[in-house]
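Please open the structure in a viewer and keep the selection panel at hand. The tour below proceeds from stop to stop, saying at each one what to select.

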Amino acid sequence: MTDDSNAAPESDIETAIRENDPALITYITAGDPSLEDTKRYVEALDRGGSDLIELGLPFSEPVAEGATIQAAINRALDAGTTPEGFFELVDDLETEAPLLVMTYYNMILQYGSEPDVRPFVERAAEAGLSGIIVPDLPAEEADPLREACDDHGLDLVFIVAPTTEGERLETIMSQVSGFAYVQARLGTTGARADVSTATHESLERLSEYDVPKAVGFGVSEGDHAAEIVEAGADGVIVGSALIDIVAGSDDPAADLEAKAEELKRGAVRGAESLTVDAEDTPEPEQP
Amino acid sequence: MSTSDPEHNRERDSESTFGDYGGQYVPEALMPALQELEDAYERYVLENEDGFMDEFRERMHDFGGRPTPLQRADRLSERYDREIYLKREDLVHGGAHKLNNALGQVLLAKYMGKERIIAETGAGQHGTATAMAAAHLDMPCEIYMGRTDVNRQRPNVYRMRMNGAEVNPVEAGSGTLKEAINETFRDWATTVETTHYVIGSVVGPHPFPKLVRDFQAVIGREAREQIREKAGRLPDSVVACAGGGSNTMGTFHEFVPDCADPRFANESSGRSPRDEDVDLYAVEAGGSSLEIDAEEGLAPNSATLSTGTDGVLHGAMTKLLQSEEGQIMESHSVSAGLDYAGVGPELSYLAETGRVTPVSVDDEAALNGFHRLSRLEGIIPALESSHALGYLEESHDELGDLVVVNVSGRGDKDLETVLEETEKRDLEAAPDVEVFDG
């Protein structure tokens, strides 16, 4: 992927990250606590400066999620969220930020009358989604979905874990479209108090690939965003910290917008300090 | 598992799927661990590197109590007017077939240099076996168990803790096996570099379904030899209960090639088609009904092979109890050990191709099976195995003259449930349980 001569034209997602570098990518679970609320929250995240928004389509067995997102998924399922309701929400949304769907493979397979990935991808494209992330679909099993996404102009985003190295890393990076979702630490999603050293190591391993890299799993504050961008990321991904607001705030829409602004400011601060460092290098005495 | 032809074994077992079923649908962080496990499986299990399988067999003999007997059940034979043999896995150390797999995997983890063992458990039988194996091999061990199952399987919770394992109750969902598996995957995703996840059945991502099957295949291998010795021929049918399917696949694996269909002869053993036809019956938990409550998202049964549809759960493409939209249903069985919305991918394949016949009996038939075997043969079977015995009662006319039934475990762990459930019903085979009150 370092050779750009044969590169496909940039997708909406790749453009959104490259043009807004450092980009803010936000996640919330659709249908938590209702699809009407999700619409307001997504619009708030868009106003707050999200450059890309991930919408979770709830699946009953979210093995890659921590307690926060699992609880959000349970609330969404209890509220009766269905794939069709999800797509109707996306039909209605008008955001500046491109939208991705994050869901588990079984949800994709079961949309339509027979287990098949195509009806889901067709409907996702029709609704205006720009990409798909599937936490339980490693590159080895992804051929059918990747082909369907290619046919409909959707990005299939892959996760790079701290354990992904060597040949596996090559394989994944050769298949990445949109951006590489860099998992900041081992384990499940969930807000953490610090930025893992695994983040730095992962970004270092990926530095030779000319693909946008966004870091998620555990990011919750503007300072984390700054540190991650300083470490070389093109974007930061925040989910559980936003779910906490959805679940606990008196005015979630206003607080989500403010949180997005804080995170975006943090990311930009990280990028600025990189610029200052770069300027500093040749002439250390310049401010 | 024969290790005489490693090249052949390697070729046929490197496939991650059984027809369309199986695969590796897991978070990326776990993929390197699965590759590492696959490598260890091929080297140690298939090729007996460093004498792994020799040590495993020796420990199963000395610690586990193998081989288990194949016993002629005299009164059942008389009752059904045919020869009924029981494979006595209830006599394995710990009281169930689960030790075959748990000891195999804990030993494998040790050979792989892992430092910690985690496992999920439904009825507690797999957790107990894993805790015993971990104590035996001096490995720290944590067990995840749904809250509902913790409450209904207390003796096993005590046994796990007595063997030094930490038991973590899982509060999510209905608090049964499905939730325990989710939670164990989460632990594994965090600790994968040092920890081995001992999956308790022939489920999960490749290579677990093959690995577990191979450790359990000792059941059928022994039974096949023993029935030849005792009856002079192979049985007309083999009957085993099926939840996730580990005792089922363990019992069936060596018999799968005993049919004229060359697909199974070649795929399963490399041996040519055999002369004798052995029918294989997987008895599932029919619960209170085979009908699904679509509105509530509930399956009042765990009859996945009989009523499930294809999908992906816990790392594999297999048959599932799921809604039309792909949400996994809460399953039900009077037996915690069968209460699972999925099933092993190889069983899905064997059922789909017609080699295995999936059947089911309801909770009541299983409870009657429990009491009947206890009364007639002096063997108190696990509620899981009681489903196989319930099927024997209902359908013995279809099973031929010579039948092997796997008694996968003993029923001590189920006594509280059996008393409670028996009190609610008027069961033909039960003693008067009210006597126990006074």
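Begin in the interior by selecting A:Ile132, A:Phe179 and B:Trp188. Of the 195 residues in the largest nonpolar core, these three touch the most other members. A nonpolar core is a set of buried Ala, Val, Leu, Ile, Met, Phe, Trp, Tyr and Cys residues joined through side-chain atoms within 4.5 Å. Buried means under 20% relative accessible area, exposed over 50%, and partly exposed in between, with a 1.4 Å probe and protein chains only. In soluble globular proteins, nonpolar side chains tend to be buried together.

The model is predicted, so local features need pLDDT of at least 70 and side-chain atom pairs count only at pLDDT 80 or more, whereas totals for chains, interfaces and linings use all residues. Residues are numbered from 1 along each chain as its sequence is written, chains are lettered from A and ligands numbered from 1 in the order in which they are written, and side-chain values use heavy atoms, with hydrogens and water left out.

Which helix gives this core its largest share? Select residues 31-46 of chain B: this is helix α2, and nine residues of the core come from there. Helices (H or I, at least four residues) and strands (E, at least two) are DSSP runs, numbered from the N terminus.

Return to A:Ile132 and display its surroundings. Neighbours within four places in sequence being left aside, its contacts include A:Leu100, A:Val101, A:Ile108, A:Phe120 and A:Val121. The list also includes A:Cys149, A:Leu154, A:Asp155, A:Leu156 and A:Val157. Contact means heavy atoms within 4.5 Å. Apart from the largest core lies another, of 22 residues; to find it, select B:Leu76, B:Leu373, B:Val405 and B:Val407, which are among its members.

**Chain A as a whole**

Select chain A and show it as a cartoon. It has 12 helices and eight strands. Its radius of gyration is 18 Å, close to the 19 Å that the globule rule gives for 287 residues, so chain A is as compact as a globular protein of that length. The radius is taken over C-alpha atoms, and the rule is 2.2 Å times the number of residues to the power 0.38. Along the principal axes, the C-alpha atoms fill a box of roughly 65 × 45 × 30 Å.

Of the 287 residues of chain A, 60% count as buried. Among its contacts between residues at least 6 apart in sequence, 72% join residues at least 24 apart.

Two places in chain A deserve a closer view. First, select A:Asp21 and A:Pro22, which are joined by a cis peptide bond with omega about 5°. A:Pro22 is in the loop between α1 (12-20) and β1 (23-29). Next, select A:Phe217, in the loop between β7 (213-216) and α10 (222-230). Its phi is near 85°, a positive value in a residue other than glycine. Is A:Phe217 buried or exposed? With a relative accessible area of 7%, A:Phe217 is buried.

**Chain B as a whole**

Now select chain B, which has 18 helices and 14 strands. A compact globule of 438 residues would have a radius of gyration near 22 Å, and the 20 Å of chain B agrees with this. The C-alpha trace spans about 55 × 50 × 45 Å along its principal axes. Buried residues make up 64% of the 438 residues in chain B.

Select B:Arg66 and B:Pro67 to see a peptide bond that is cis, with omega near -5°. B:Pro67 lies in the loop between α3 (52-62) and β3 (70-72).

Continue to B:His314, in the loop between β11 (309-313) and β12 (315-320). This residue, which is not glycine, has a positive phi, near 50°. B:His314 counts as buried, at 6% relative accessibility.

**Last stop: B:Glu398**

Finally, select B:Glu398, in the loop between α17 (383-395) and β14 (402-407) of chain B. B:Glu398 is exposed, with a relative accessible area of 53%. Residues up to four places away in sequence not being counted, B:Glu398 touches B:Tyr281 and B:Tyr391. Add B:Asp138 to the selection: the two residues are 260 residues apart along the chain, and their C-alpha atoms are separated by 47 Å.
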